[in-house]
Amino acid sequence: MRFFQRPPSNPGHRLIFLNVILVAFLAAAACPAQTTVAIALAPNASPVEHVAANELATHLHALYPSAAFSIGAPAGNAQIIYLGTAQDLPARYADQVKGELAGPESYAVRTAGSGEAVIAGSSPRATLFAVDALLEKLGFGFYISYSTAPAPRTAPFSFSGWDLHDTPIAKERVIFDWHNFLTSCSTWNLPDWESWITQASRMRFNAVMVHAYGNNPMYSFSFNGQ
């Protein structure tokens, strides 16, 4: 019977192996675990609140590209943002912001320590306005024809400087674009209208006015029964 013997070890190979292990360890130590942030909505959240959550996640990831933002229940040690109207928030947060949500379309953003924040509005639309106001405070700019974005941050994600609250002075904030000119919305397609309405919402307009003469086909259109 023959037995196969293990060949003698090569000290050079062993040294290379140990060097590879050391480099991998140092690389892992230099790259801390990715920050994860969950945006939590109520189970009965409205479509507008889902728009607000997506708006928040998209822009925060652009600002903090090294962090991961998800919409849903937090997992593990994820930081969390509660988003919604006061009646849908955890009680400990609802009690803090109710006094700031008395006016129509009022909103508030509050932080609790380093791991939690709440974005609340007196209505779903006000919650969306809260998100846009917060994004402006973080350096984004929203204008009727375009948006601007700050340079991505290399520092770890933080809720620092988030606290704010506001109540609109004017109940109706109307945006209007005149028809029947080639430089106006008479030449727009659906994507143009969608962009215009999205930007108007980001600027916290809450009503759209349209005007047309009888020779414009849109005079016969209806929306929500009007």
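This talk describes aromatic pairs, salt bridges, one helix packing and two single residues in a predicted model.

Good morning. Please keep in mind throughout that the structure before you is a predicted model.

I begin with the aromatic rings. A pair of aromatic rings is described by the distance of the centres and the angle of the planes. The count for this model comes to 11 aromatic pairs. One of them is formed by Tyr64 and Phe157, with 5.0 Å from centre to centre and 80° between the planes, an edge-to-face arrangement. Where do Tyr64 and Phe157 sit in the chain? Tyr64 belongs to the loop between α2 (47-63) and β2 (68-71), while Phe157 belongs to the loop between β7 (147-148) and β8 (164-166). The two residues are 93 residues apart, and their pair links distant parts of the chain. Both Tyr64 and Phe157 are buried.

A further pair is that of Phe176 and Trp178. Why is the pair of Phe176 and Trp178 called edge-to-face? The ring centres of Phe176 and Trp178 are 5.3 Å apart and the planes stand at 80°, so the pair is edge-to-face; the cut-off for that class is an angle over 60 degrees. Phe176 is partly exposed, with a relative accessible area of 33%. Trp178 is also partly exposed, at 37% relative accessibility.

Ring pairs can also join into a group. Here they link Tyr64, Phe69, Phe157, Phe159 and Trp162 into a cluster. Tyr64 and Phe157, whose pair I described a moment ago, are thus found again in this cluster.

I turn now to charged side chains. Side chains of opposite charge can pair when their charged atoms come close. How many salt bridges does a search of the whole structure find? The search finds 7 salt bridges, and I shall present three of them.

The salt bridge of Glu55 with Arg202 has its closest N and O atoms 2.5 Å apart. Glu55 lies in helix α2 and Arg202 in helix α5 (residues 190-202), so that distant parts of the chain, 147 residues apart, are linked by this pair. Are the two partners buried or exposed? Glu55 counts as buried, at 12% relative accessibility, and Arg202 is buried with a relative accessible area of 15%.

Next, the side chains of Glu116 and Arg92 meet in a salt bridge at 3.4 Å, N to O. This pair links Glu116 in strand β5 (residues 116-121) to Arg92 in helix α3 (residues 91-97), 24 residues apart. Glu116 counts as partly exposed at 24% relative accessibility, and Arg92 as partly exposed at 46%.

The third salt bridge joins the side chains of Arg110 and Glu100, at 2.6 Å from N to O. Arg110 is in strand β4 (residues 107-112), and Glu100 is in the loop between α3 and β4, 10 residues apart. Arg110 is buried, with a relative accessible area of 18%, whereas Glu100 counts as partly exposed at 22%. The picture extends to a third residue: Glu100, Arg110 and Asp163 are linked in a network of salt bridges.

Let us move to the packing of two helices. Helix α2 and helix α4 (residues 124-137) have their axes 8 Å apart and pack at an angle of about 10°. Angles under 35 degrees count as roughly parallel, and α2 and α4 are therefore roughly parallel to each other. Their crossing is left-handed. On the side of α2, the contact is made by Val48, Glu49, Val51, Ala52, Glu55, Leu56 and His59. On the side of α4, the contributing residues include Pro124, Leu128, Val131 and Leu135. Please note that Glu55 takes part in this helix contact and also in the salt bridge with Arg202.

Finally, I consider two single residues. Trp193 is placed in helix α5. Trp193 is partly exposed, with a relative accessible area of 21%. Which residues does Trp193 contact, leaving aside its neighbours within four places in sequence? They are His179, Cys185, Trp188 and Val210.

Ser106 lies in the loop between α3 and β4. Ser106 is buried, with a relative accessible area of 0%. Leaving aside its neighbours within four places in sequence, Ser106 is in contact with several residues, among them Glu100, Leu101, Gly121, Ala126 and Asp166. Glu100 therefore appears both as a contact of Ser106 and in the salt-bridge network with Arg110 and Asp163.

Thank you for your attention.

Notes:
Residues numbered from 1 in each chain as written. Predicted model: local features only at pLDDT ≥ 70, side-chain atom pairs only at ≥ 80, totals over all residues. Heavy atoms only, no water. Phe/Tyr/Trp six-rings, centres within 6.5 Å; stacked < 30°, edge-to-face > 60°. Helix = DSSP H or I, 4+ residues; strand = E, 2+ residues; numbered from the N terminus. Buried < 20%, exposed > 50% of the residue type's maximum accessible area, 1.4 Å probe, protein only. Salt bridge = Lys/Arg side-chain N within 4 Å of Asp/Glu carboxyl O. Axes fitted to C-alpha atoms, helices over the stretch in contact; angles between N-to-C directions. Parallel < 35°, antiparallel > 145°, perpendicular 65-115°, else oblique. Left-handed = near helix turned anticlockwise from the far one by under 90°. Contact = heavy atoms within 4.5 Å.
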